[in-house]
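Please open the structure in your viewer and keep the selection tool at hand, as this tour moves from one selection to the next.

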2 protein chains.
Amino acid sequence: MRVLMVEDEVRLAETVRRGLTDAGFVVEMVHNGEDALWAATEHAYDVIVLDIMLPKVSGYKVLEQLRARGVWTPVLMLTAKDGEYDQTDAFDLGADDYLTKPFSFLILVARLRALIRRGGPERPVVLTAGDLVLDPARKRVQRAGQEILLTPREYGLLEYLMRHRGDVVSKADILDNVWDPAFEGDDNVVEVYIRYLRRKLDTPFDRQALETVRGMGYRLDEDGG
Amino acid sequence: MRVLMVEDEVRLAETVRRGLTDAGFVVEMVHNGEDALWAATEHAYDVIVLDIMLPKVSGYKVLEQLRARGVWTPVLMLTAKDGEYDQTDAFDLGADDYLTKPFSFLILVARLRALIRRGGPERPVVLTAGDLVLDPARKRVQRAGQEILLTPREYGLLEYLMRHRGDVVSKADILDNVWDPAFEGDDNVVEVYIRYLRRKLDTPFDRQALETVRGMGYRLDEDGG
DNA sequence: CAGGCGGCTGAGACGCCGCTGAGAGCGAGA
DNA sequence: TCTCGCTCTCAGCGGCGTCTCAGCCGCCTG
């Protein structure tokens with residue numbers, strides 16, 4: 001279970017490394033495209049985790065080079081929501097699977113296992129929390145099997161919360177990741193949209209998935225409340 | 001498991017050959033269309049991997065010739081995203097399956113296995129959504145058994161929607177994939193053509209297959225509305 | 001017990017999104 | 001050359017979605 005991790009954000013890299021190690025992977029870490037190319041050609045890995053945004057050589061270039069050199073190790077690519085290759089499906093770049101930042105660590109592990117086990121890609125799956133189901137591809141949300149109609153902003157907020165289900169996320173985090181980065185308005189919008197979600201997801205079902213953690217932010221219950 | 005590989009890019013050809021050999025295939029390699037024709041008519045292969053961009057005789061011509069000569073070996077075609085046959089679905093050229101470069105090696109192997117095993121393409125030949133039927137080979141569309149006449153642009157849009165039926169596709173996605181990549185105009189064209197399709201497919205039958213998902217895009221109902 | 005702060009809520013203004021009809025431009029065919 | 005069909009542009013509109021605002025509630029602290 002040897003993993004090559006290519007990621008330049010040191011903080012993120014470190015936490016992921018620790019997590020993967022705990023999960024039983026042997027992790028090799030490099031921080032730029034050049035080292036990645038060298039490591040991947042020199043050693044044999046079961047899977048490569050490749051950030052698309054890298055200094056010097058972009059992740060995409062690395063992948064291209066690897067394939068050109070006959071290295072066919074499965075590659076899971078990390079893409080940023082607002083990055084240069086924003087809209088592009090990472091499959092188009094020849095990756096075997098991909099995740100969009102920010103991503104759930106558990107999902108990362110599951111995907112890596114799937115890549116190693118099946119030697120094949122797995123389409124991004126649906127996110128669940130109890131009887132709450134969100135399908136990113138279809139932009140659909142269900143609670144207890146019943147379809148819930150959301151506006152784009154509501155959907156974006158819920159997707160973010162579900163990708164971090166169980167975690168407390170601050171209003172600042174939410175604003176950074178769900179709203180336009182240039183958004184300059186008040187935190188209050190988040191409160192308003194949390195309310196909208198509660199009206200559609202919690203109240204009608206007499207449940208409480210969206211929990212307020214006073215002074216800290218919000219948490220989406222892993223079991224759907 | 002005999003594979004005939006037709007590819008002129010020597011680097012790529014070599015690495016793929018090595019990979020396929022490792023995967024247990026017996027690989028025969030030729031580098032141009034003439035040799036491909038000769039080899040394919042002279043020997044029996046389980047599957048042919050055919051690059052569309054070839055010196056002398058194009059991959060498309062090779063395929064045409066093969067079929068004309070009664071060689072029905074399954075063909076997996078390799079297409080480039082920006083190539084001459086750019087927008088064209090390789091299915092339209094009579095291929096049994098195709099991959100766009102750059103491609104995942106694992107997917108290539110999976111597709112080849114599928115082609116050999118099932119003796120047919122991975123994807124169904126005719127696309128359906130309820131009583132909506134689209135035949136890519138014949139460029140024909142029917143609703144409830146009744147033929148619908150579409151202009152090329154309308155057809156292209158519908159085919160794209162049907163290949164992604166059930167998913168929400170954004171206007172940007174549509175523009176990228178149905179319109180000329182260099183198209184610089186307004187999103188509004190998409191709205192206009194959605195309207196045209198609705199007039200022909202939905203209104204006369206009092207149905208609604210084409211759903212607007214405000215702020216996100218459009219979705220073709222899997223059941224035809 | 002009082003004050004303050006964080007979060008909740010209802011109402012409402014504004015602007016953007018998508019829809020629509022008309023028509024200009026263009027190429028193919030008569 | 002004229003006609004016809006297809007593609008795309010444009011501008012007006014209606015309405016939904018987004019966000020602001022002000023007042024209120026309740027928790028926490030001193």
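Keep in mind throughout that this is a predicted model. Begin with DNA strand D and the residues near it: by class, this surface has eight nonpolar, seven polar and seven charged residues. In total 22 residues surround the strand, and if you select Thr151(A), Arg153(A), Gly185(A), Thr151(B) and Gly185(B), you will have the closest of them on screen. Next colour helix H5 (152–163) and helix H7 in chain A, and then helix H5 (152–163) and helix H7 in chain B, since these elements each give two or more residues to the surface near DNA strand D.

Now move to DNA strand C, which has 16 residues around it, and select those that come nearest, namely Glu191(A), Arg195(A), Thr212(A), Glu191(B) and Thr212(B). Here the elements that give two or more residues are helix H7 (188–202) of chain A and helix H7 (188–202) of chain B. The surface near DNA strand C divides into four nonpolar, six polar and six charged residues.

Leave the DNA and turn to chain B, where you can select Val3(B), Val6(B), Ile48(B), Val49(B), Leu50(B), Leu76(B) and Met77(B), the residues that touch the most other members of the largest nonpolar core, which has 33 residues. Among the elements that each supply at least two residues of this core are strand S1 (2–6), strand S3 (47–51) and helix H4 (105–118) of chain B, and the largest share, five residues, comes from H4(B). In soluble globular proteins, nonpolar side chains tend to be buried together.

Which residues does Leu76(B) touch? Leaving aside residues up to four places away in sequence, its contacts include Val47(B), Val49(B), Tyr98(B), Leu112(B) and Leu115(B). Finally, select Val16(A), Leu20(A), Ile48(A) and Val49(A), which are among the 29 residues of another core, lying apart from the largest one.

Definitions and conventions:
Residues are numbered from 1 along each chain as its sequence is written. Chains are lettered from A and ligands numbered from 1 in the order in which they are written. This is a predicted model: local features need pLDDT of at least 70, side-chain atom pairs count only at pLDDT 80 or more; totals for chains, interfaces and linings use all residues. A residue is near a molecule or strand if its C-beta atom, placed from the backbone, lies within 6 Å of it. Helices (H or I, at least four residues) and strands (E, at least two) are DSSP runs, numbered from the N terminus. Ala, Val, Leu, Ile, Met, Phe, Trp, Tyr, Cys and Pro count as nonpolar, Asp, Glu, Lys and Arg as charged, and the others, Gly among them, as polar. A nonpolar core is a set of buried Ala, Val, Leu, Ile, Met, Phe, Trp, Tyr and Cys residues joined through C-beta atoms within 7 Å. A residue is buried if 20 or more other C-beta atoms lie within 10 Å of its own, exposed if 12 or fewer, and partly exposed in between; C-beta atoms are placed from the backbone. Two residues are in contact if their C-beta atoms, placed from the backbone, lie within 7 Å.
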